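I opened a new structure today and kept notes as I went. The entries follow the order in which I looked things up.

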Amino acid sequence: MKQTKRFISSLLIVCMLIGSLPVPGFQMEAKAAVTKGMSFVGVNTDSSGDGYYYNASDKILTLENGFVLNTSGEGTSAMTLKPGTTIVLKGNAEIRTDETGIDAIGNLTIESADDVNGKLSIICTQVGAGSTYKYGIRM
């Protein structure tokens, strides 16, 4: 009986130690940030860059996990899209700007890729007294 209690106590300690180990979560991978505004209006050929791919014929913009668009001082939207564009998120993406985040001319669809959950964060870096109103997504 005494050995059984000691065995169960030892097993419980091992379980508690294993449970306290860190578990890697789903986080953004570090990628180089795109630092110039992106406009897909008038773009009729496929294009790609660090963390994104644009399919011009289907109007699908795919953002990979860790995509960062970081613009400031340009006086234009960080991203301008054609009517009917779909943004597909393959993980977490971020747009950081002191202007409008996404200027969508017409309909816009944002969805996650089939096999992953995605999150798009649009962060306005210039808010407060004296700043003009900024949009996350303007349609």
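These notes go through the sheets, the core, the salt bridges and a few single residues.

**Entry 1, the model.** I noted at the start that this is a predicted model.

**Entry 2, the five-stranded sheet.** I looked up the sheets and began with an open one of five strands, whose order is 2-3-4-7-10. Its pairing is mixed. I found strand 2 (47–49) and strand 10 (108–112) at the edges, each pairing on one side only. From one strand to the next, the twist averages 15 degrees. I then checked strand 7 against strand 10: they pair in the parallel sense, over five bridges. Across from serine 112 in strand 10 I found leucine 89.

**Entry 3, the four-stranded sheet.** I went on to an open sheet of four strands in the order 1-6-9-12, where the pairing is parallel. Here the edges are strand 1 (38–39) and strand 12 (137–138), and each of them pairs on one side only. Between strand 6 and strand 9 I recorded three bridges in the parallel sense. Methionine 79 has isoleucine 102, in strand 9, as its bridge partner.

**Entry 4, the core.** Which residues touch the most other members of the largest nonpolar core? I found Leu61, Phe67 and Met79, out of 20 residues in that core. I also listed the elements that give two or more residues to this core: strand 3, strand 4, strand 5 (67–70), strand 6 (79–81), strand 7 (85–90), strand 8 (92–97) and strand 9 (102–104).

**Entry 5, salt bridges.** How many salt bridges does the structure hold? I noted two. As background, side chains of opposite charge can pair when their charged atoms come close. One joins glutamate 94 to arginine 96, with 3.2 Å between the closest N and O atoms. Glutamate 94 has a relative accessible area of 17%, so I put it down as buried, the limit being under 20%. Arginine 96, with 29%, is partly exposed.

In the other, the side chains of aspartate 103 and arginine 138 meet at 2.8 Å, N to O. Because aspartate 103 lies in strand 9 and arginine 138 in strand 12, this pair ties together parts 35 residues apart in sequence. I checked the exposure of both ends. Aspartate 103 is buried, at 17% relative accessible area, whereas arginine 138 counts as partly exposed at 31%.

**Entry 6, a surface patch.** I looked for nonpolar side chains on the surface and found a patch formed by Phe7, Ile8 and Leu11. Together they have about 320 Å² of accessible area. I placed leucine 11 in helix 1 (residues 2–19). Its relative accessible area is 44%, and I entered leucine 11 as partly exposed.

**Entry 7, lysine 59.** Where is lysine 59 placed? I found it in the loop between strand 3 (52–55) and strand 4 (60–64). Its phi is near 55 degrees, which is a positive value in a residue other than glycine. Lysine 59 is partly exposed, with 28% relative accessible area.

**Entry 8, glutamate 64.** I looked up glutamate 64 last and found it in strand 4. It is partly exposed, with a relative accessible area of 30%. I checked its separation from aspartate 50, 14 residues apart from it along the chain, and the C-alpha atoms of the two are separated by 8.8 Å.

How values were computed
Residues numbered from 1 in each chain as written. Predicted model: local features only at pLDDT ≥ 70, side-chain atom pairs only at ≥ 80, totals over all residues. Heavy atoms only, no water. Buried < 20%, exposed > 50% of the residue type's maximum accessible area, 1.4 Å probe, protein only. Core = buried A, V, L, I, M, F, W, Y, C linked by side-chain atoms within 4.5 Å. Pairing = 2+ DSSP bridges. Axes fitted to C-alpha atoms, helices over the stretch in contact; angles between N-to-C directions. Patch = residues over 30% accessible without salt bridge, like charges linked within 9 Å, V, L, I, M, F, W, Y side chains within 5 Å. Areas by Shrake-Rupley, 256 points an atom, 1.4 Å probe, with all protein chains shown as cover. Salt bridge = Lys/Arg side-chain N within 4 Å of Asp/Glu carboxyl O.
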